[in-house]
Amino acid sequence: MRLFAKTLSYGTIHVLVASTVAFILTGNWAIAFGIGLLEPVVQTLVFPLHEYLWERKAPEKLSLFHSH
């Protein structure tokens, strides 16, 4: 139940932040809420493609830091 509440909370904050940024750019709340609702949907659909491409192109060993 906590995971569901956390996911719902994060989704709500995500839409509010995206809508606020869109409003700052457009000055129109209707357009801003449209963008704020559309953006997470598009991001959710693009994420699996990103994962597929990332896994397909991943080197055998990914190291962010040089180790001796």
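Visitor: Which rings can pair, and how many aromatic pairs does the structure hold?
Guide: Rings of Phe, Tyr and Trp (its six-membered ring) pair if their centres lie within 6.5 Å, with planes under 30 degrees apart counted as stacked, over 60 as edge-to-face and the rest as tilted. This is a predicted model, in which local features need pLDDT of at least 70 and side-chain atom pairs count only at pLDDT 80 or more, while totals for chains, interfaces and linings use all residues. Residues are numbered from 1 along each chain as its sequence is written, and side-chain values use heavy atoms, leaving out hydrogens and water. On that basis, the number of aromatic pairs held by the structure is 2.

Visitor: Why is the pair of F23 and W29 classed as it is?
Guide: A pair of aromatic rings is described by the distance of the centres and the angle of the planes. For F23 and W29 the centres are 4.0 Å apart and the planes lie at 10 degrees, so the pair is stacked.

Visitor: Is H14 buried or exposed?
Guide: Buried means under 20% relative accessible area, exposed over 50%, and partly exposed in between (1.4 Å probe, protein chains only). Because its relative accessibility is 18%, H14 counts as buried.

Visitor: Which residue shares a polar contact with the side chain of H14?
Guide: A polar contact is a pair of N or O atoms within 3.5 Å; within protein, one must be able to donate a hydrogen and the other to accept it, and residues adjacent in sequence count only if both atoms are side-chain atoms. At 2.5 Å, such a contact joins the side chain of H14 to that of E39.
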